[in-house]
Amino acid sequence: MNTTGTKSDKKTDEEAPCIVACPIRQDARDYIQLIARRRFQEAYQLVRSRNPLPSACGRICTHPCETKCRRNSTETPIAIAWLKRFLGDNFSEEISKIPIEKYPERIAIIGAGPAGLAAANDLALLGYSCTIFESNSTPGGMLRMGVPTYRLPRMAIDNDVEFIKKLGVEIKYNTTFGTDITFDSLKKEGFSAIFIGVGLLESRTLNIEGVQLDGVIRGVPFLHEVNTTGRAHIGKNVLVIGGGAVAMDCARTALRLKPDKVSVASLESRKEMPTTDFEIEEAVHEGVILHNSVGPKRILGKDGRATGLETLKVKYVFDEQKRFNPAFYDGSESVIDADTIILAIGQASDLSFLKGQERIQVTRSGTLVVNPTTFSTALHGVYAGGDIVLGRGTMTEGMAQGKKAALAIHNALRNTTLKDEKWNNKTAVSDIAPSRIALIKKEQKQEMPTMSSEKRLDNFDEVELGFSINAAVKEAQRCMNCGAGAFVDDNLCVGCLTCVRICPFEVPEIKKGDTTAYINGDCQSCGLCVVECPARAISFKTPLEDQGKDTLQAALQDTFIQGVKPLIINFYCQYGAYNEDKIDTINNLLFFHVRRVGVLGLGKVDPSLYLKAFELGAHGVLVTACKDDTCHFCKEQEWIERRTKFTAQLLSGLGMDARRFKTHFISSQNGKEILDIAFNMIEELRNI
Amino acid sequence: MIVAASKPFQEIKQMLSEFRKICVLGCGSCVTICHTGGEKQVAELAAQLRLSAKLEGRQIEVKEDSTLRQCEWEFIDNIREVIEDCDAVLSIACGVGVQYMAEKFPKIRIFPGVNTTFMGGPTEQGIFWERCAGCGNCILATTGGLCPVSRCAKSLMNGPCGGSQNGRCEVSQETPCVWNQIYDQLDTQQLLKTMETIVPPKDWTTGAENHPRKMVLEHLVVKKQIN
Amino acid sequence: MIENRSDIKSGSNLEKLLRSGKFAVTAELGPPRGADRSAIEKKAKILKGYGDAFNITDCQTAVVRMSSIASGRIVLDAGVEPIIQMTCRDRNRIAIQSDLLGAAALGLKNLLCLTGDHQKFGDHPMAKGVFDIDSVQLIQMVKTLRDEKRFQSGQELKASEPKFFIGAAENPFADPFKFRAVRLAKKIAAGADFIQTQIIYNIKKFHEWMNMVADMGLHEKVFILAGVAPLKSAGMAKHMKHNVPGMDVPDEVMSRMTAASAAKKGKEEGIKICLEVIEQVREIRGVAGVHVMAVEWEEAVPEIIQQARLFPRPTV
Ligand SMILES: Cc1cc2nc3c(=O)[nH]c(=O)nc-3n(C[C@H](O)[C@H](O)[C@@H](O)COP(=O)(O)OP(=O)(O)OC[C@H]3O[C@@H](n4cnc5c(N)ncnc54)[C@H](O)[C@@H]3O)c2cc1C
Ligand SMILES: Cc1cc2nc3c(=O)[nH]c(=O)nc-3n(C[C@H](O)[C@H](O)[C@H](O)COP(=O)(O)OP(=O)(O)OC[C@H]3O[C@@H](n4cnc5c(N)ncnc54)[C@H](O)[C@@H]3O)c2cc1C
Ligand code: SF4
Ligand code: SF4
Ligand code: SF4
Ligand code: SF4
């Protein structure tokens, strides 16, 4: 599979916004396009080739890709993360060969969180021997300590980490940097470079009266305990202080421990809360009570135990310089009763491992200072990334820094300038032109099956259940293949204007002063112009689109077709194949006499390919396309009709029996109708 | 541009029936634009030839190639290797290109794959109309920019004839009467008076009736053999 | 009477009659699709006395027939005056001038100059149309031969000039309507002495056209013969309306013919309509005669001429 061969548009050097938005530049569009074509294994490999933690990422990534997805303009973004999860859950890659350790240098990595794991993964693939030192007894860092199991089952972490280990990465648990090992000991052991990815383990606390009372606990330790034991010591009335994602996780986790009541006190108003709407909605949906725009004044207690929180009404959270600097109304006190108060107000670093080490610089907020491109600290051979650098990061941001540091370490050790093209700054394909939105068919998002809310609170099992194959493919088929659609070769274009005139989405243009056509990022990849261009100047940028050619070749090279008579090639529209849950049955039923060549829209198929099928040995060709009312591209029927009529004429001119070439427009490519059509055709061909 | 129409496949098949190694050769200019001689058509014709041979149980090899303009010695020289490796070439360039090929490669049989039809352009996608007859003595200045030589069925100089009705030509309901158009155009330009003058018989010495015609640009002639 | 009208050009019977102010009658005589001389003689015999001159068509509707000039001479031999017709479809300016010199030498004096029906309509649609010149240019060329004794090229004739009474056709019903009178003026300026119009069924429109013609004073510069033709049946009327270029058959005529055809009285009604048309056009200022085109129905002409009280024909 050649997925790196996507032709770039030299005029604009654009990339799909989903890819640009991703901290690790995950090839979102391309794995989605592979899923849309049912090429799952390749899709998995593509994801894995850039992402060391696909299963975890597919569940808890904050998916900035979806925020930027151009489908936002037409209805809702593609469920990019859920599609990744679908791949991670259902596919895996056998590593046949452990990468050879090409180089003698050994690298030490501190912390088995996303940043450390990513650095180790990439360094191993580059040919280095890596050892991760982790103070916990399990890998995953905050993913394991903090992220609740109902959002991220631990199997997902384990699978991903297992894979990294297979690359030759060694993990030494229960080993704390600063106590068990030090800069000096590592140097002595012969490590040539160190990557520090220790994250932010300390939970911040409040400087108010009553924080020392019994029943006042910190968010992450609370989560950690529940995540590892399934239990925690809490009372009947729980109050979480904080309005971010951690607060939501704490509240929802607390709910599952069955207290009478769980509330959240947040400085921010509902709109200002520093987490996603989705998280807040899920929390409220599950029963959490929100108190917005209230700040903690003091924790009330009795007999050394917390009994509630006295709050003040918030004037503003951010001052005029937009800095976090909350102010309150005097005399606005009120009390929220609680016997357990969880502080979820942010994390801080534990830098004790730096003791005796003066060169590495530390910021005022306790993070490490690094070179922004190489991630090396001021101490030679020592690199850092992840939350310990970011302060408040996400798992993909952490992985991105780990990956970049890995490459920098390699370049430093080898004295090379190896580059990862994906980090190049590319502009994102701009939003769909407003006038074009109406021309693009709205395709509704696939719903994620979830556990019912009654059942959820009885356990810590995953709430989102994952896509079925059909749902995944349908969801993937919504993707507009941004930035990888049709492309005009200036050397071949003769400026005939055909593409300009026939594109249903009015994308191609010959700009004033130009002599050749130009197709911008709004191309929907219908392929009509690719087929009609008389100069064959238009091709797809993406190498994933073969317009049926390779599929046909492969189908007819299959040794099992030897002697099969009649042998029918069915060109069908893949968009129409996922509206019924029967695709596999159909394929099995049709298997003997009919080979199927699926294409995303038959408007991409050149009539010559139908001739080619006969040339390569087919006895019949059956074209089944969707009717206009179900056509993904809205109106391809007319074009397909013209081309098949034209082909039929050519074939009859060659003296071929008309029964050998049939075209049908049907509403589903996998229902009973297609079976009947195929079986009839088989019968007819038997009689010729 | 020059507009050419595809020849019926039966005719092409007949012409090429005795050859085993054939090159279908496109031309990257006018005929590409009118969708009958470009790379797409090359591929289509080649596929047809291969399939037709297969159906008849014949072994043939069909190559596909194209060049920017078959009516230039240098451009066809670029593909010499491909051409000289074949028994026959199906050129889907206009008649000019076919002849250049025939002159350049006297040992190879060159066949025309299109019928060169007229000089014109697409009035809408997929519809082409004749616009110029190459009379060599352009009169558009007096006819509102519309050519009666190529667009009037009878090449009238003092039209419209008595068959012009509802803006249509007597010869075909599909054809606009160009003289009616000329009348409207001159009317818009307030030049109807021009139509009152008798246009004398046209001097056809420069026209197709006096072929072969030749043009010499003295200032550009160099004494270098290009063929 | 303007100068052009009294100054005899050809000395033909038709010319003399018209110049003397008599209401003229001409009719069509189609040559056969074969080399049979008697066919023409037969038609001449039927028509003799019922018109002042008879038009011999030139491969009308682009169907091959005996040549107009040859047929014209046969007609003349039969004691009837012909009007030969010449189109631009089949001959270039060399052939046309050559043939016209021959026609004059054969004693033919009336000439109708036409562009010609397009070859597409005829029996040889694959033929190459010539159209070297058009009808206006043809008229001019004949006038130059006659009045300036020069060929179209400008060279002088070496012997005597062909003296033709020059005719042209005009269709009052073609478009653009406003241009039709102007085009007539162009033909007159080119040298037309008389005009035979397309067949008239729509009298109102013809009248309108004649008004324009008269307003421009053209009726005083040229003799206008109004074209008429008897319909045989509703089928023929329909054919005329839809298939004959430049023909205007009003709905009223259509319905009368339909009713009559149903009662098997098509021919009678056709002749009746024809007579009504003649009656009405005679009244129009500037109409100098009628031209009866009874295509392949020459027998109808005597009846029409008699009933129209245009018989017997005067002599000059
Ligand atoms: C648990 C967790 C889950 C995360 N999930 C996501 C996620 O789903 N999506 C994502 O984009 N990022 C997520 N992140 C990243 C996250 O923003 C930071 O990584 C994390 O360190 C801070 O968690 P937070 O969101 O609770 O903190 P912050 O965004 O710093 O929010 C802290 C909260 O505490 C409140 N607070 C702070 N100081 C005070 C005070 N003095 N008095 C009262 N209230 C105070 C703030 O107002 C705020 O509501 C997550 C991080 C964590 C730790
Ligand atoms: C409750 C919670 C929910 C979150 N939810 C999300 C979310 O939904 N989506 C998202 O993208 N991000 C989320 N985050 C943030 C995300 O987990 C972090 O950004 C990410 O894990 C940071 O990765 P890291 O490798 O830098 O550090 P960490 O994941 O914190 O890993 C650091 C590792 O280093 C180890 N370590 C620390 N000190 C030492 C030492 N001295 N010696 C040896 N080992 C050491 C730790 O034990 C740990 O295993 C969440 C965070 C929290 C707390
Ligand atoms: S439509 Fe597809 S390619 Fe475009 S931004 Fe969304 S996921 Fe990426
Ligand atoms: S159809 Fe092809 S040749 Fe024509 S303008 Fe478009 S890209 Fe250029
Ligand atoms: S592939 Fe389709 S959407 Fe893209 S430019 Fe061509 S015709 Fe338009
Ligand atoms: S109808 Fe118009 S276009 Fe046709 S022959 Fe007459 S003048 Fe020419």
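Modeller: Contact here means heavy atoms within 4.5 Å. The model is predicted.

Biologist: Which chains have the most contacts between them?
Modeller: There are 2 pairs of chains that touch. Of these, the pair with the most contacts is chains B and C.

Biologist: How far apart are the closest C-alpha atoms of chain A and chain C?
Modeller: Chain A and chain C are not joined by any contact. Their closest C-alpha atoms are separated by 26 Å.

Biologist: What is the distance between the end C-alpha atoms of helix 11 of chain C, and what span is expected?
Modeller: Helix 11 covers residues 266-282 of chain C, which is 17 residues. At 1.5 Å a residue, the expected span is 24 Å. The distance between the end C-alpha atoms agrees, at 24 Å.

Biologist: What covers the buried residues of helix 11 of chain C?
Modeller: The buried residues of this helix include C:Gly266, C:Ile273, C:Leu275 and C:Val281. Part of their cover is helical, with helix 8 (203-215) and helix 10 (251-262) of chain C among the elements. Also included are strand 7 (223-228), strand 8 (287-292) and helix 12 (300-307) of chain C.

Biologist: Is C:Ala192 buried or exposed?
Modeller: C:Ala192 sits in the loop between helix 7 (177-190) and strand 6 (194-199) of chain C. Its relative accessible area is 1%. The cut-off is under 20%, so the residue counts as buried.

Biologist: Which residues is C:Ala192 in contact with, leaving aside its neighbours within four places in sequence?
Modeller: One of them is C:Ala168. C:Ala168 is 24 residues away in sequence, yet the C-alpha atoms are 6.0 Å apart. The full list is C:Ile139, C:Ile166, C:Ala168, C:Lys187 and C:Val222.

Biologist: Why is the ring pair of A:Phe133 and A:Phe191 classed as it is?
Modeller: The structure holds 20 aromatic pairs over all chains. In this one the ring centres are 5.8 Å apart and the planes meet at 80 degrees. Planes over 60 degrees apart take one label. The pair is therefore edge-to-face.

Biologist: How many residues apart are A:Phe133 and A:Phe191?
Modeller: A:Phe133 belongs to strand 3 (residues 129-133) of chain A, and A:Phe191 to strand 5 (residues 191-196) of chain A. A:Phe133 is buried at 3% relative accessible area, and A:Phe191 is buried at 8%. The pair links distant parts of the chain, 58 residues apart.

Biologist: Where do A:Tyr575 and A:Phe633 lie?
Modeller: Their ring centres are 5.6 Å apart and their planes stand at 85 degrees, so this pair is edge-to-face. Both residues are buried. The pair ties together parts 58 residues apart in sequence. A:Tyr575 is in the loop between strand 21 (568-573) and helix 22 (583-589) of chain A, and A:Phe633 in the loop between strand 23 (620-626) and helix 24 (637-653) of chain A.

Biologist: Which residues do ring pairs link into a cluster in chain A?
Modeller: This cluster is built of Phe rings. Its members are A:Phe40, A:Phe86 and A:Phe91.

Biologist: How many salt bridges are there over all chains?
Modeller: A bridge needs a side-chain nitrogen within 4 Å of a carboxyl oxygen. A:Arg39 and A:Glu42 qualify at 2.9 Å. A:Glu75 and A:Arg71 qualify at 3.1 Å, and both are buried. The count is 85.

Biologist: Which residue of the salt bridge between B:Asp77 and B:Lys104 counts as buried?
Modeller: The N to O distance of this bridge is 3.5 Å. B:Asp77 is in helix 4 (residues 73-77) and B:Lys104 in helix 6 (residues 95-104) of chain B, 27 residues apart. At 33% relative accessibility, B:Asp77 is partly exposed. At 10%, the buried residue is B:Lys104.

Biologist: Which residues form a nonpolar patch on the surface of chain B?
Modeller: One of them, B:Leu217, is in the segment after helix 8 (178-188) of chain B. B:Leu217 is partly exposed, at 38% relative accessible area. Together the patch has about 330 Å² of accessible area. Its residues are B:Met215, B:Leu217 and B:Leu220.

Technical notes. Residues numbered from 1 in each chain as written. Chains lettered and ligands numbered in written order. Predicted model: local features only at pLDDT ≥ 70, side-chain atom pairs only at ≥ 80, totals over all residues. Heavy atoms only, no water. Patch = residues over 30% accessible without salt bridge, like charges linked within 9 Å, V, L, I, M, F, W, Y side chains within 5 Å. Areas by Shrake-Rupley, 256 points an atom, 1.4 Å probe, with all protein chains shown as cover. Helix = DSSP H or I, 4+ residues; strand = E, 2+ residues; numbered from the N terminus. Buried < 20%, exposed > 50% of the residue type's maximum accessible area, 1.4 Å probe, protein only. Expected span 1.5 Å × (residues − 1). Phe/Tyr/Trp six-rings, centres within 6.5 Å; stacked < 30°, edge-to-face > 60°.
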